[in-house]
Amino acid sequence: MTKDITLSVPDVSCEHCVKAINGALGVLPGVEEVATDIPTKSVRLSYDPAQLSLQQIEETLDDVGYTVSSEPAPTPRTSGKPLNLF
């Protein structure tokens, strides 16, 4: 049976982070899908808990330099005003 979770990973900031996290988690036994989102600083994961524990997932993220936060990921804020770069 597959379990879906979303983890808050505050240090996600760029495509390198996405590739590192997806690469590290994607090869773990029991992982079916990994999606890392930069704006929400979150990792959505589908996995088989009979093959992999949440602790193993968190340890794998820690090994590649990312900590799972117990706080929910912050919602990106915008002012609603267009950004004028000129």
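Biologist: In which sense do β2 and β3 pair, and over how many bridges?

Modeller: Strands of a sheet pair through backbone hydrogen bonds, either parallel or antiparallel. In this predicted model, β2 and β3 pair in the antiparallel sense over six bridges. One of the bridge pairs joins D37 to S42 of β3.

Biologist: How many residues lie between the strands in the hairpin of β2 and β3, and which residue takes a positive phi?

Modeller: The hairpin has four residues between β2 and β3. Among its features is the backbone of K41, which takes a positive phi near 50°.

Biologist: What is the order of the strands in the sheet?

Modeller: The sheet is open and has three strands in the order β1-β3-β2, with antiparallel pairing. β1 (3–8) and β2 (31–37) are at the edges and have a single partner strand each, so one side of each is left without a neighbour in the sheet. From one strand to the next, the twist averages 15°.

Biologist: Over how many bridges do β1 and β3 pair?

Modeller: β1 and β3, the latter comprising residues 42–47, are joined in the antiparallel sense over six bridges. Two positions illustrate the register: S8 has S42 as its bridge partner in β3, and D4 stands opposite S46 in β3.

Biologist: Where do the helices come in the order of elements along the chain?

Modeller: The chain contains two helices and three strands. Read from the N terminus on, the elements follow the pattern β-α-β-β-α.

Biologist: Which strands does α1 lie across, and at what angle does α1 run to β2?

Modeller: Helix α1, residues 15–26, lies across β2 and β3 and runs at about 165° to β2. Helix α2, residues 54–63, packs on the sheet and touches β1 and β3; its direction makes about 40° with that of β1.

Biologist: How many residues of β3 are buried?

Modeller: Five of the six residues of β3 are buried, and this strand is mostly covered. For the chain as a whole, buried residues make up 30% of the 86 residues.

Biologist: What span does α1 reach from its first C-alpha to its last, and what span is expected?

Modeller: The 12 residues of α1 reach 16 Å from the first C-alpha to the last, close to the 16 Å expected at 1.5 Å a residue.

Biologist: Which residues of α1 are buried?

Modeller: The buried residues of α1 are C17, V18, I21, A24 and L25. They cover an arc of only 150° around the axis, which puts them on the same side of α1. On the other side of α1, E15, H16 and K19 are exposed. The cover over the buried residues of α1 includes β2, β3 and α2.

Biologist: Is T36 buried or exposed?

Modeller: Buried means under 20% relative accessible area. T36 has a relative accessible area of 13%, so T36 is buried. This residue has its place in strand β2.

Biologist: Which residues does T36 touch, not counting residues up to four places away in sequence?

Modeller: On that count, T36 touches V12, V18, I21, N22, S42 and V43. A distance can be read for T36 and K19 as well: these residues are 17 apart in sequence and 8.6 Å apart in space, C-alpha to C-alpha.

Biologist: What share of contacts between residues at least 6 apart in sequence joins residues at least 24 apart?

Modeller: In this chain, 62% of such contacts join residues at least 24 apart. As for the surface, the accessible area of the chain comes to about 5900 Å², of which 53% belongs to carbon and sulfur atoms.

Key:
Residues numbered from 1 in each chain as written. Predicted model: local features only at pLDDT ≥ 70, side-chain atom pairs only at ≥ 80, totals over all residues. Heavy atoms only, no water. Buried < 20%, exposed > 50% of the residue type's maximum accessible area, 1.4 Å probe, protein only. Contact = heavy atoms within 4.5 Å. Areas by Shrake-Rupley, 256 points an atom, 1.4 Å probe, with all protein chains shown as cover. Pairing = 2+ DSSP bridges. Axes fitted to C-alpha atoms, helices over the stretch in contact; angles between N-to-C directions. Expected span 1.5 Å × (residues − 1). Arc of directions from axis to C-beta.
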